[in-house]
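This report introduces a structure to a reader who has not met it before. Please look over the sequence and the model before reading on.

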Amino acid sequence: MKAVQLTAHGSPGKFELRDVPDPAPAAGEVVVQVQSCGLNHLDLWLEAGELPLKVPLPRTPGGEVAGKILQVGPGVTDWKPADPVAVQSNLFCGECEFCRQGDESLCLRGELLGVQRDGGFAEKVLVPERALVRLPDGVDFDTAAALTLAGSTAMHMLTNRTQVSAGEWVLVMGASSGVGSAAIQIAKHLGARVISTGSTEAKRELGRQLGADFMVDSTTPDWPAEVRRLTAKHGADLVIEHIGGDVLKQVFDCLARNGMVVTCGATAGREVTLNLWPFFVKQQRLIGSYGRNRADILMALEWAAEGRLKPVIDTVFPLDRTPDAFAHLRSRNVLGKVLIEPFEPASESD
Ligand SMILES: [Zn+2]
């Protein structure tokens, strides 16, 4: 089969499209024929060698996989060839104390698909049976690939790590990102009043189309003042954050009393200083969010089937243009998701 392998870290890194042996499923494993695979900032960190994990090269990246079952290993009875599936990219053991209670995102022996084992920028990918989620009717492969990681991350942040009450002010950072574009839609459906940010007019227009009540220009140095003004000095009750660095510090400038920041990323910097005085005086909370549970993916796909959650797809690249896809995401001039499809669209019809 064909697979894109990262052979040297860098920005850009070195990629090669290679013929590699077909994966063979062991007991409890399945081979998925990849139909669409989303690109995420995690892939850029992997490319640049900036993950706090040891990653042996070559490695095939790609964690946001949707496709069809091609082959099942011994003992797999719930799945059969041609079943349409999405893959939970935070591979979990299924046995530890957290997995047993459905908190796979807290798994003690978790592995990231496309980081610690070969992922979906390939014609086929080998995954454990327990990582599969069946696609609901009406959800196509591109939709699933665009929501399986980014959309379910937003679902985890808004429905698992915290709860949103109707009428609350929710600030979603980065309307055009995979997480941001999904978080706006989810927060609106939960009854929140949503403010989001964008660095260009095109990104702010996308945020409005997705349902944000107000859009703020994040290139304005004192954008938190605009959030305070829009909320009549109340501030945001909940912030969906994934940027980190100085942006996370600024978020606290417009966070309400008793407000909460949920963060799932740090693309702009992992080390942040925080003034603890206003933080405890205002009794605020900072919550970490990592990956997703199976329940979050199921809900994201269910909402997609019901039309409540629509992925924003920027560009679909063929497999042999994977390096261009990485360059495009790195440019930050992206509205929504970048996807890679290993096959010509014609071969998807069946
Ligand atoms: Zn576990």
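The sections below describe a metal site, a set of salt bridges and one glycine in this predicted model.

## The zinc site

Four sulfur donors hold the zinc ion: the SG atoms of C93, C96, C99 and C107, at 2.3 to 2.4 Å. Along the sequence, these donor residues follow the spacing C-x2-C-x2-C-x7-C. The arrangement is tetrahedral, because the angles subtended by the four donor atoms run from 103 to 117°. For comparison, the ideal angle for four tetrahedral donors is 109.5 degrees. Among the donor residues, C99 and C107 are both buried.

## Salt bridges

The whole structure contains 18 salt bridges. One of them joins R330 to E47, with the closest N and O atoms 2.7 Å apart. R330 belongs to helix α11 (residues 322-330) and E47 to helix α1, so this pair ties together parts 283 residues apart in sequence. R330 is partly exposed, at 27% relative accessibility, whereas E47 is buried, at 2%.

R59 and D118 form another salt bridge, their closest N and O atoms lying 3.0 Å apart. R59 is in the loop between α1 and β4, and D118 is in the loop between β7 and β8, so the pair connects parts 59 residues apart in sequence. R59 is buried, with a relative accessible area of 10%, while D118 is partly exposed, with 36%. Elsewhere, a network of salt bridges links E201, R204, E205, R208 and D217.

## The glycine G63

G63 lies in the loop between α1 (41-48) and β4 (64-72). With 6% relative accessibility, G63 counts as buried. Beyond its neighbours within four places in sequence, G63 contacts C37, V87, S89, L113 and L149.

Technical notes. Residues are numbered from 1 along each chain as its sequence is written. This is a predicted model: local features need pLDDT of at least 70, side-chain atom pairs count only at pLDDT 80 or more; totals for chains, interfaces and linings use all residues. Side-chain values use heavy atoms; hydrogens and water are left out. Helices (H or I, at least four residues) and strands (E, at least two) are DSSP runs, numbered from the N terminus. Buried means under 20% relative accessible area, exposed over 50%, partly exposed in between (1.4 Å probe, protein chains only). Contact means heavy atoms within 4.5 Å. Donors are N, O and S atoms within 2.8 Å of the metal (3.2 Å for Na, K and Ca); water is not among the atoms, so sites may look incomplete. Four donors count as tetrahedral if all angles lie between 85 and 135 degrees; four count as square planar and six as octahedral if opposite donors are over 155 degrees apart and all others between 65 and 115; anything else is irregular. A salt bridge is a side-chain nitrogen of Lys or Arg within 4 Å of a carboxyl oxygen of Asp or Glu.
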